[in-house]
Amino acid sequence: MLKQMPRTTLWLVLPFAVVIALALELAFRGGGEGVVHRLDSLAVVASSLYAAACAVLAARSAAGDARRAWSLLALALAAWAVGNLIWSVRAISLKHNIFPSPPGPWYVVLVVLVTAARSEEHTSELQSHHD
């Protein structure tokens, strides 16, 4: 009988399986250029959602300033995922992307929140050195 894989193992194995599948698709171009383009767009969305989910899990397991920093990073990565989703839908359905475009503000939110998270982390490091 096969043992059931722990959840954490699944979270760690899943990205590697996706990368291998994408590498094979890119190498052999089984479905043609259109399929590769769609898979690429969807992989970017999936990876940004995965990063946001990992940051949420880290925030839930942290405390104090670290929890605030991880929460801000989770929000930043969620904004990045929204921007990537909009970009991908436009790229797949409209077959082009122009700049500036609707995903732009979401990427700006990403930068602002990552900066705030880094600032929170830096502040907590300074406070811990003074204690």
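This is a short dialogue on reading a predicted model of one protein.

Student: What kind of model is this, and which residues count for local features?

Tutor: The model is predicted: local features need pLDDT of at least 70, side-chain atom pairs count only at pLDDT 80 or more, and totals for chains, interfaces and linings use all residues. Residues are numbered from 1 along each chain as its sequence is written, and side-chain values use heavy atoms, leaving out hydrogens and water.

Student: How is confidence read, and where is it lowest and highest?

Tutor: pLDDT is the predictor's confidence in each residue, from 0 to 100. Where pLDDT is low, the predicted coordinates should not be read in detail. Here the mean pLDDT of the protein is 80, and 81% of its residues reach 70 or more. Confidence is lowest in helix H4 (residues 104-130), with a mean of 75, and highest in H3, with 90.

Student: How many helices and strands are there?

Tutor: Helices (H or I, at least four residues) and strands (E, at least two) are DSSP runs, numbered from the N terminus. The protein has 4 helices and 0 strands, in the order α-α-α-α from the N terminus.

Student: What span should helices H2 and H3 have?

Tutor: The expected span is 1.5 Å times one less than the number of residues. H2 (residues 33-61) has 29 residues and should span 42 Å; its end C-alpha atoms are 42 Å apart, which agrees. For H3 (residues 64-94), with 31 residues, the expected span is 45 Å and the end C-alpha atoms are 45 Å apart, so the two agree. Lys95 follows H3 and has a positive phi, near 65°.

Student: Which residues of H2 are buried, and which of H3?

Tutor: Buried means under 20% relative accessible area, exposed over 50%, and partly exposed in between (1.4 Å probe, protein chains only). Buried residues make up 23% of the 131 residues in the protein. In H2 they are Val36, Ser41, Ala43, Val45, Ser48, Ala52, Ala55, Ala58 and Ala59. Those of H3 include Asp65, Leu77, Gly83, Asn84 and Arg90.

Student: Is Trp87 buried, partly exposed or exposed?

Tutor: Trp87 lies in helix H3 and counts as partly exposed because its relative accessibility is 32%. Trp87 and Pro103 are 16 residues apart in sequence, and their C-alpha atoms are 5.9 Å apart in space.

Student: What share of the contacts with a separation of 6 or more joins residues 24 or more positions apart?

Tutor: Contact means heavy atoms within 4.5 Å. In this protein that share is 57%.
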